[in-house]
Amino acid sequence: MDSPIVAQLFRQLFRHPACQSRRNLATLSSCLQHGRLQQKQLQQQRRHMASRNTVRGANQGLPEKESHWQQRTELFTLDMSDEYKAYPTVTANDLRSRRQRPRKVKMLMRDFIEDSLYNPHYGYFSKQVVIFTPGEPFDFNSLPDEPTFYTELGRRYTEFEDLLDTKEGRPDDTRQLWHTPTELFRPYYGEAVARYLMSNYVMTTYPYHDLIIYEMGAGRGTLMLNILDYIRDIEPAVYDRTKYKIIEISPSLAALQNTQLLSSAASRGHASKVEIINKSIFDWNARVPSPCFFLAMEVFDNFAHDVLRYDLDTEEPLQGTVLIDGDGDFYEFYEPVLDPVAARYLRVRHAATGGRYRVPYPTTRAVRWLKKQLPFAPNLSDQEYIPTRLMQFFDILERHFPAHRLLTSDFHTLPDAVRGLNAPVVQTRFQRRMVPVTTPLVHQGYFDILFPTDFRVVEAVYRAITGKLTRVLSHEHFMRNWAYIEDTRTRSGENPLLSWYRNASVMVTV
């Protein structure tokens with residue numbers, strides 16, 4: 001299913017409100033079969049067609065049937081130069097108040113991704129996401145082995161979604177359901193984080209300062225509850241000095257937290273400890289001089305990125321812009337002039353790493369020249385996605401939380417990513433199955449767009465901006481240090497807490 005044809009079918013499917021009905025969704029299977037047939041025919045044609053990439057696509061006069069989707073393949077593109085000159089440039093901030101997806105505009109890739117994920121009215125995290133909770137914690141010690149855990153997890157997933165369908169009165173084929181390690185390994189994951197926080201607090205600022213914890217993207221608040229429960233039970237004196245503040249950009253999740261989470265916190269005696277702040281961290285304008293811990297668990301992966309391609313002769317970067325036409329179709333343009341944010345990121349990265357980082361093209365001029373002699377050779381490199389929004393997050397920490405200590409966990413590699421260096425996984429969920437596509441240019445709000453984190457580069461950039469020292473560990477290493485791993489060990493000796501997130505790393509301020 002991972003093809004440009006499938007991406008186009010999903011965009012067509014979700015374009016109009018009427019297309020969201022179950023009747024139309026039920027036809028998707030036959031559409032996908034037709035799409036595969038088209039793709040097979042296209043692959044046969046590719047052997048005889050020029051495939052040189054062009055920045056703006058100069059092919060004109062294509063039949064309507066072809067021009068509708070060829071932009072995805074980079075073989076044929078409509079000439080949209082006039083529209084590119086005429087359409088206004090907008091940002092994600094400009095679109096926050098809009099209830100309809102924009103048309104006849106252009107924007108940088110990072111603004112397109114930010115709008116797709118976080119627009120208050122149609123963004124993915126604002127409207128589409130449901131967080132899975134497995135019910136009672138798993139009794140890992142009673143499970144025979146790790147495959148049994150997978151089976152039990154699948155059973156609970158089905159049970160959870162069946163209950164949602166019953167509650168809503170009908171199946172929801174496009175429900176976006178995902179899980180977090182906090183939910184899967186409750187309460188053991190949260191207790192491991194609590195041990196880390198409590199130990200470092202006691203060794204550094206206790207009793208002169210309170211234990212202040214900020215958490216971004218708290219979801220259902222399970223991590224918060226597990227942390228507060230553990231601190232109260234183990235160190236009451238530390239608990240008395242604890243304050244927990246959740247920063248939540250999603251209005252729907254903030255509303256959920258203000259009702260269910262606060263009531264849960266109150267029932268456990270934590271009401272006076274918790275504050276929920278419904279705003280984007282990028283809108284933060286208050287200075288917090290006190291020492292604090294900042295938790296960002298699986299947050300970096302959904303920060304918007306810019307996209308660059310490089311001139312293979314000069315190695316100069318060109319920045320990607322997304323054009324949205326009057327029909328809601330997307331086109332990519334690349335300009336040799338970088339905006340100040342992208343230009344600054346490249347300068348900071350180069351200085352912080354000493355020029356040692358990966359690039360999406362051969363670094364040897366002779367090799368690049370040889371590749372350009374090949375038939376249908378592109379004139380630009382593959383895409384590189386750069387974490388400009390993450391750099392701005394580090395700016396916020398340095399400017400407004402000067403005494404912070406960061407604890408973050410995220411994925412350093414992801415399967416099924418689109419083409420490019422540090423490229424994202426773009427996927428949606430249909431009929432309880434994940435469907436990856438091959439482009440981030442998808443119907444806004446219906447697809448998750450998540451990026452891997454290059455922790456070697458990110459650590460260097462964080463150090464350069466904040467002036468703080470850090471340490472990067474594997475997820476398994478962090479858990480072996482701070483979790484009671486015997487709690488999540490199966491009878492065979494396998495341990496899902498250690499093996500489940502092998503593609504994740506943890507970065508901490510030291």
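**Two helices and a buried threonine**

Q: What makes the crossing in which helix 16 passes helix 17 a right-handed one?
A: Helix 16 passes helix 17 in a right-handed crossing, and the term applies when the near helix is turned clockwise from the far one by less than a right angle, whereas an anticlockwise turn would make the crossing left-handed. This is a predicted model, in which local features need pLDDT of at least 70 and side-chain atom pairs pLDDT 80 or more, while totals for chains, interfaces and linings use all residues. Residues are numbered from 1 along each chain as its sequence is written, and side-chain values use heavy atoms, leaving out hydrogens and water.

Q: What are the distance and the angle between the axes of helix 16 and helix 17?
A: The axes of helix 16 (residues 388-400) and helix 17 (residues 455-466) come within 9 Å and cross at roughly 35°; each axis is a line fitted to C-alpha atoms over the stretch in contact, and angles run from 0 to 180 degrees between N-to-C directions. Both elements are helices in the sense of DSSP runs of H or I with at least four residues, numbered from the N terminus, while strands are runs of E with at least two.

Q: Which residues make the contact of helix 16 with helix 17?
A: With contact meaning heavy atoms within 4.5 Å, helix 16 contributes Leu390, Met391, Phe394, Asp395, Leu397 and Glu398, and helix 17 contributes Val458, Val461, Tyr462, Ile465 and Thr466. These residues divide into 8 nonpolar, 1 polar and 2 charged, where Ala, Val, Leu, Ile, Met, Phe, Trp, Tyr, Cys and Pro count as nonpolar, Asp, Glu, Lys and Arg as charged, and the others, Gly among them, as polar.

Q: Why is Val461 called buried?
A: Buried means under 20% relative accessible area, exposed over 50% and partly exposed in between (1.4 Å probe, protein chains only), so Val461, at 3% relative accessibility, counts as buried. Val461 belongs to helix 17 and, not counting residues up to four places away in sequence, touches Tyr345, Val348, Arg349, Ala352 and Phe394.

Q: Why does Thr428 count as buried?
A: The relative accessibility of Thr428 is 1%, and therefore Thr428 counts as buried; the residue lies in strand 13 (residues 425-430).

Q: What joins the side chains of Thr428 and Gln176?
A: A polar contact of 3.2 Å joins them, the term being reserved for a pair of N or O atoms within 3.5 Å, of which, within protein, one must be able to donate a hydrogen and the other to accept it, and residues adjacent in sequence count only if both atoms are side-chain atoms. The side chain of Thr428 also reaches the backbone oxygen of Tyr446 at 2.7 Å.
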